[in-house]
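Trainee: Could you take me through one part of this model in detail? I would like to look closely at a single helix and then at what lies around it.

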Amino acid sequence: MSEQTTPPPRLRADGWAFLREAVRDLRTTGAVAPSSRALAQALAAPVRARAPHPIDVLEAGAGTGAVTRVLLPQLPRGARLDVVEANPRFAARLRELAAGCPANRVTVHQAYVEELATDRRYDVIVSGLPLTNFTPAQVDRIMARYLELLHPGGTLTWFAYLGTRRARALVATRAEVHRHAAVERALAVHLRGRATESRTVLANLPPARVWQLHTEGPGTA
């Protein structure tokens with residue numbers, strides 16, 4: 001018998017939901033499909049690296065929960081996960097996902113991460129936001145908020161799709177090309193002088209590069 005390759009009904013439903021939201025607003029959804037398991041595992045790597053210590057984790061731009069589903073079973077005992085998603089339809093799905101978790105372990109916030117009202121600081125921040133789709137000012141606010149929310153020695157992880165600069169150069173307007181370049185400069189300002197590393201994930205649509213930024217502190221490797 002051939003191996004079953006049809007995704008489970010819930011994952012198929014999430015895929016269609018993601019596609020519908022991408023049609024509504026591709027700029028803020030950022031893709032036409034949820035993150036693959038390979039990409040989700042790469043984004044979750046800093047959480048695995050801190051086991052078995054209890055940690056506070058923030059996931060921003062969680063979408064339909066493709067990365068959340070990978071994060072949940074990898075959370076160490078005593079860890080907490082705050083999930084931030086501005087899209088109300090995605091946030092409702094994430095609350096359904098969080099409902100199966102122990103009380104007070106997972107909290108879903110329907111908000112923009114730069115407007116998140118919290119006194120908590122996080123050991124790991126996992127970003128699913130399509131930064132290259134935003135304006136330079138938005139990227140600056142988001143990155144500044146991430147760094148404000150990180151504990152000393154914390155890790156921020158995010159991804160960027162491969163080949164976007166070349167694709168935009170071929171099909172985008174001049175204004176769009178300039179915006180994309182300005183976003184990269186805004187990112188570079190926040191990365192300057194900080195420890196970063198990256199890896200490529202080919203098993204995703206489209207392929208992506210996953211970045212990690214490490215802040216100085218007692219948790220810095």
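Mentor: Happy to! Let's begin with a term: a residue counts as buried when its relative accessible area is under 20%, and as exposed when that value is over 50%. By that cut-off, 46% of the 221 residues of the chain are buried. Please keep in mind that this is a predicted model. The chain holds 9 helices and 7 strands, and its accessible surface comes to about 11700 Å², with 55% of that belonging to carbon and sulfur atoms. Among contacts between residues at least 6 apart in sequence, 74% join residues at least 24 apart.

The part I would pick is helix 9. This helix has 18 residues, and the distance from its first C-alpha to its last is 26 Å, close to the 26 Å expected at 1.5 Å a residue. Its buried residues are Glu 176, Arg 179, His 180, Ala 182, Val 183, Ala 186, Leu 187 and His 190. Viewed down the axis of helix 9, these buried residues fall within an arc of 165°, so they line one face of the helix. The general background is that an α-helix has 3.6 residues a turn, so residues three or four places apart point the same way. On the other side of helix 9 you will find Arg 174 and Arg 185, both exposed. Just after the helix, Gly 193 adopts a positive phi of about 80°.

Now to a neighbour. Helix 9 is among the elements that cover the buried residues of helix 7, and so are strand 1, strand 4, strand 5 and strand 7. The residues being covered there are Val 139, Ile 142, Met 143, Arg 145, Tyr 146, Leu 147 and Leu 149. Helix 7 itself runs over residues 136–149; at 1.5 Å a residue its 14 residues should span 20 Å, and its end C-alpha atoms are 20 Å apart, which agrees.

Strand 7, also part of that cover, is worth following a little further. Of its 7 residues, 5 are buried, so the strand is mostly covered. Strand 7 pairs with strand 5 in the antiparallel sense over 7 bridges, and one of the pairs matches Phe 159 with Val 210 of strand 7. Strand 6, residues 195–201, also runs antiparallel to strand 7 and is joined to it by 7 bridges. Here Ala 195 has His 214 of strand 7 as its bridge partner. Strand 6 and strand 7 form a hairpin, with 6 residues between them.

Methods. Residues are numbered from 1 along each chain as its sequence is written. This is a predicted model: local features need pLDDT of at least 70, side-chain atom pairs count only at pLDDT 80 or more; totals for chains, interfaces and linings use all residues. Side-chain values use heavy atoms; hydrogens and water are left out. Helices (H or I, at least four residues) and strands (E, at least two) are DSSP runs, numbered from the N terminus. The expected span of a helix is 1.5 Å times one less than its number of residues. Buried means under 20% relative accessible area, exposed over 50%, partly exposed in between (1.4 Å probe, protein chains only). Contact means heavy atoms within 4.5 Å. Two strands pair if DSSP finds at least two bridges between them. Accessible areas come from the Shrake-Rupley method with a 1.4 Å probe; for residues, only the protein chains shown count as cover. The arc is that of the directions from the helix axis to the C-beta atoms.
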